[in-house]
Amino acid sequence: MSKITVIDAMMGRGKTQYAINRAIRDSFVKNKFVYITPYLDEVDRLKEICDNNEVKVWIPTTKNLKGSKLESIKQALQNNASVIATHELFSRLDKECLEYLNNHNYTLYLDEVHEVVKVYEDMSSCDFKLLLNDKVIKIDEITGRVNWIKEDLYIGRFNDFKILCELGVIYSLGNSIIIWTFPIEIFNSFNEIFIMTYLFEAQLQASYYKMYSIKYKYSSIFGAKGKYVLTSFNKTQYIEDIKHYRKLINLYIGKLNYEEEDKISLTSYWFKNKCTIDNLLELGNRLYNYVRNIVKSSDKVVMWTSLEEFRKEFHCKRYERKFIPLNTRATNKYIKKKCLVYLYNRHINPIISNYFLKRGVIINENAYALSELLQWIFRSAIRNGEQIDLYLPSYRMRSILNNWRSYAEKLVEQIEEINKNYSKD
């Protein structure tokens, strides 16, 4: 089983710099690595750093290769080469990749958490029931895992689904809802794993590890100006960082806010089932009024977000190109943005929550929402220690941000217990 270290520290603390420096250093003693990051431009930046340090790395590509990027990464792993790739490609690793990883002592560097559980939407419930009725697949009564049981050679439109079933990553809830999970065997195939993020204990990957009884420990980062070292978890630093950065957030309090607690307003369910065209127009007007009349901000420093599928429905064309997706993380592209608008009330998909609950893992919804909100906020100028203005109309999300320290202190208690138990093993 892999040795897993979670480097849990505030965004901008130097986690990525430490990780790539360590990967480069270890390469000189022939320790190969897989470095996973969210964006292609970050892949290119990290490769340039490796090139400047005369460390050879493989970037998956289809250039001069008949197959896909997945075939490219298989070729790299087969040849025991170090790899830098995106989370999207990491999600596609299969049994062949697993075999190559098991044959070599790779270290995994995971820049931000990986999507380890999601609702599988590439098959309709009707098709799923058809496969069940025709006894092509069977659901394990205890685990819910979907097994492909038809022994005949199959090549058809469900071939991708067949491969996933054979990989053991498809589960069912109620014989209709399909869940995809990242194969735990992939994580277990690495010699060592480093996860660089903030508030890991509030995120789904922590719940996923608990579901599989996977042990991990927490560490902190120390240093400056490109020189960083790993230290034992620093509770004092963890809390002091919150005090420092919270003072940099000018949270709007005024008439543009939703002042009463409403459990569904601005949630995904509300946008998709309850809101009207007038509601969306009103939100667009609030966005405009906050930027132009409240903070009187320059358009150049504006960034805002909501559910991307409703992006144009706000009819606020002036700021349409200032939209930054909700799940944006691990990028410095928006580091000059100082006027932020977050038109959303973040919740975990109830199907995912139920999936974990049935396996004995309870997720703290508010702590999860805080971690997601902060990831988005810290794409902005706050990373440089600059003041930012934030419009957060959701009553619940404002309350969560205002209780940032309280949530973190509770997570610290969990972290200390986790580290204590890890040291016993």
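Let's start in a loop: Ser 213 sits between helix H9 and strand S11, which covers residues 217–224. Before I go on, please keep in mind that this is a predicted model. Is Ser 213 buried or exposed? Ser 213 is exposed, with a relative accessible area of 56%. Its backbone is worth a look too, since the phi of Ser 213 is near 55 degrees, a positive value in a residue that is not glycine. For background, most residues other than glycine have a negative phi.

There is another residue to put beside that one. Glu 112 has a positive phi of about 75 degrees, and Glu 112 is not a glycine either. You'll find Glu 112 in the loop between strand S4 (107–111) and strand S5 (117–119). While Ser 213 is exposed, Glu 112 is buried, with a relative accessible area of 4%. And if you'd like a glycine for your list, Gly 168, just after helix H7, takes a positive phi of about 80 degrees.

Now let's step back to the sheets. Seven strands form an open sheet, and the order to trace on your screen is S3-S2-S4-S10-S1-S11-S12, with mixed pairing. Which strands stand at the edges? They are S3 and strand S12 (227–232); each has a single partner strand, so one side of each is left without a neighbour in the sheet. On average, neighbouring strands here are turned by 25 degrees against each other, ignoring direction.

Let's zoom in on that S3 edge. Strand S2, residues 33–37, pairs with S3 in the parallel sense over four bridges. You can follow the pairing residue by residue: Tyr 35 has Ile 84 in S3 as its bridge partner, and Thr 37 has Thr 86. Along S3, residues 83–86, Val 83 and Ala 85 point one way while Ile 84 and Thr 86 point the other way, and all of them are buried.

The other sheet I want to show you is an open one of four strands, in the order S13-S16-S15-S14, and its pairing is parallel. Strand S13 (249–251) and strand S14 (302–305) are the edges, each pairing on one side only. The average turn between neighbouring strands in this sheet is 20 degrees, again with direction ignored. S14 joins strand S15, residues 339–342, in the parallel sense over four bridges. To find that spot, look for Trp 304, which stands opposite Val 341 in S15.

On to the helices, and back to H9. What angle do the axes of H9 and H13 make? H9 is residues 204–211 and H13 is residues 350–357; their axes come within 10 Å and cross at roughly 25 degrees. An angle under 35 degrees counts as roughly parallel, and H9 and H13 are therefore roughly parallel to each other. Their crossing is left-handed. From H9, Leu 204, Ser 207, Tyr 208 and Met 211 meet Ile 352, Tyr 355 and Phe 356 in H13. Sorted by class, that contact has six nonpolar residues, one polar and no charged ones.

Tyr 355 turns up again around Thr 181, a residue in strand S9. Thr 181 counts as buried, at 1% relative accessibility. Beyond its neighbours within four places in sequence, Thr 181 is in contact with Val 116, Val 117, Val 169, Tyr 171, Tyr 212 and Tyr 355.

S9 also helps to cover helix H7. The buried residues of H7, residues 159–167, are Phe 161, Lys 162, Leu 164, Cys 165 and Leu 167. What covers them includes helix H5, helix H6 and strands S6, S7, S8 and S9.

Helix H15, residues 395–402, has its own buried set: Arg 396, Met 397, Arg 398, Ile 400 and Leu 401. Those residues pack against H10, S13, S15, H14, S16 and H16, so to speak of the last one, let's visit H16.

Our last stop is Val 412, in helix H16, residues 404–424. Val 412 is buried, with a relative accessible area of 1%. Which residues is Val 412 in contact with, leaving aside its neighbours within four places in sequence? They are Phe 233, Lys 235, Tyr 238 and Ile 239. Lys 235 is 177 residues away from Val 412 along the chain, and their C-alpha atoms are separated by 6.9 Å. Thanks for listening!

Key. Residues numbered from 1 in each chain as written. Predicted model: local features only at pLDDT ≥ 70, side-chain atom pairs only at ≥ 80, totals over all residues. Heavy atoms only, no water. Axes fitted to C-alpha atoms, helices over the stretch in contact; angles between N-to-C directions. Helix = DSSP H or I, 4+ residues; strand = E, 2+ residues; numbered from the N terminus. Parallel < 35°, antiparallel > 145°, perpendicular 65-115°, else oblique. Left-handed = near helix turned anticlockwise from the far one by under 90°. Contact = heavy atoms within 4.5 Å. Nonpolar A, V, L, I, M, F, W, Y, C, P; charged D, E, K, R; others polar. Buried < 20%, exposed > 50% of the residue type's maximum accessible area, 1.4 Å probe, protein only. Pairing = 2+ DSSP bridges.
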